[in-house]
Amino acid sequence: MFKKGKKVLELVDRHYNEVCECFNHFDTFLSLYLKNGKSEETVDQYHKIDLLEHDADSTRREIVSDFLEGTLLAQTRKEILQIVESVDKIANKGQDIARQMLYENVKFPEFVESNVTEISRLTKEQISILTKVLDILFDDYDVLIRDNSLLHEIKVMESKVDTVELDAVKKLFESDLDLAVKNHIKYFITKIADISDLVEDISDEIQVMVVFRRV
């Protein structure tokens, strides 16, 4: 299905790698931020996230431009572009959260730090599974038609993230912190967990593509 359009697929691969690298730096940012708060190290990590997000955005625009004169079928172009746009949201979200955390100097209480770390770890694992799915998608699409276990695994991971998120919220609202502080911390925990939702959304889009190819 995706054998044609080698150049644009190489761009898609480059874009995905830039987004993954962006999330890796976001994961490092969170780890450093939980230890040191706003610091020279966390600001430096944010700048790395920002640069990678801009790189990914530039590659995304290049993909769109190439599609206008590409050889891929219209439906195929639409499906690939949909995936690219969805993947790009991961980098955007990481950039937005890191920037806002620094601007607002958010302070996570110690009793939710392990939850934040676990949400990021699970999301990183999700992205690793998504990488395998996309490799299969662009190499041997029929494999996903025969076996959707990896897509299911992404959903399982997202469910685990939800559980960790809810545990953090429960602990927050059982604490003696002021309500405004509780809501402030909850906002950021939810935003960090939203990245897992974005990964699941991509999995759902691929699942729909697979279903249509079965018809």
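Helices here are DSSP runs of at least four residues, numbered from the N terminus. This is a predicted model. The briefing follows helix 4, which spans residues 110-139. Helix 4 packs with helix 6, holds several salt-bridge partners, among them Glu118 and Arg121, and includes Phe111.

**Helix 4 against helix 6**

- Helix 6 covers residues 149-174.
- The axes of helix 4 and helix 6 are 9 Å apart. The angle between them is about 170°.
- An angle over 145 degrees counts as roughly antiparallel. Helix 4 is therefore roughly antiparallel to helix 6.
- The contact of these two helices has 16 nonpolar residues, 4 polar ones and 9 charged ones.

**Salt bridges within helix 4**

- Side chains of opposite charge can pair when their charged atoms come close.
- Glu118 and Arg121 form a salt bridge, at 2.9 Å from N to O. The two residues are 3 apart in helix 4, so about one helical turn separates them.
- Arg121 also meets Glu125 in a salt bridge, at 3.2 Å from N to O. This pair is 4 residues apart in helix 4, again about one turn.
- Partly exposed means between 20% and 50% relative accessible area. Glu118 counts as partly exposed because its relative accessibility is 28%.
- Arg121 is at 41%, so Arg121 is partly exposed too. Glu125 is at 33% and also counts as partly exposed.

**A salt bridge between helix 1 and helix 4**

- Asp27 pairs with Lys124 in a salt bridge. Their closest N and O atoms are 3.6 Å apart.
- This pair links distant parts of the chain. Asp27 sits in helix 1 (residues 6-36), Lys124 sits in helix 4, and 97 residues separate them.
- Is Asp27 buried or exposed? Buried means under 20% relative accessible area. Asp27 has 18%, so Asp27 is buried.
- Lys124 is partly exposed, with a relative accessibility of 36%.

**Salt bridges in the whole structure**

- How many salt bridges does a search of the whole structure find? The search finds 15.
- Some residues are linked in a network of salt bridges. The network joins Asp57, Arg60, Arg61, Glu85 and Asp88.

**A nonpolar patch on the surface**

- Which residues form a nonpolar patch on the surface? They are Phe111, Leu177 and Val181.
- Together, these three residues have about 200 Å² of accessible area.
- Phe111 lies in helix 4. Its relative accessibility is 32%, so Phe111 counts as partly exposed.

**The loop before helix 4**

- Where is Asn105? Asn105 is in the loop between helix 3 (74-104) and helix 4.
- Asn105 is not a glycine, yet its phi is positive, at about 50°.
- Asn105 has a relative accessible area of 35%, so Asn105 is partly exposed.

**Asp135 and a distant partner in sequence**

- Asp135 is another residue of helix 4. With 47% relative accessibility, Asp135 counts as partly exposed.
- Asp135 and Asp13 are 122 residues apart in sequence. In space, their C-alpha atoms are 9.0 Å apart.

Notes
Residues are numbered from 1 along each chain as its sequence is written. This is a predicted model: local features need pLDDT of at least 70, side-chain atom pairs count only at pLDDT 80 or more; totals for chains, interfaces and linings use all residues. Side-chain values use heavy atoms; hydrogens and water are left out. Patches are made of residues with over 30% relative accessible area and no salt bridge: like charges are joined within 9 Å, nonpolar side chains (Val, Leu, Ile, Met, Phe, Trp, Tyr) within 5 Å. Accessible areas come from the Shrake-Rupley method with a 1.4 Å probe; for residues, only the protein chains shown count as cover. A salt bridge is a side-chain nitrogen of Lys or Arg within 4 Å of a carboxyl oxygen of Asp or Glu. Buried means under 20% relative accessible area, exposed over 50%, partly exposed in between (1.4 Å probe, protein chains only). Axes are lines fitted to C-alpha atoms, for helices over the stretch in contact, and angles run from 0 to 180 degrees between N-to-C directions. Angles under 35 degrees count as roughly parallel, over 145 as roughly antiparallel, 65 to 115 as roughly perpendicular and the rest as oblique. Ala, Val, Leu, Ile, Met, Phe, Trp, Tyr, Cys and Pro count as nonpolar, Asp, Glu, Lys and Arg as charged, and the others, Gly among them, as polar.
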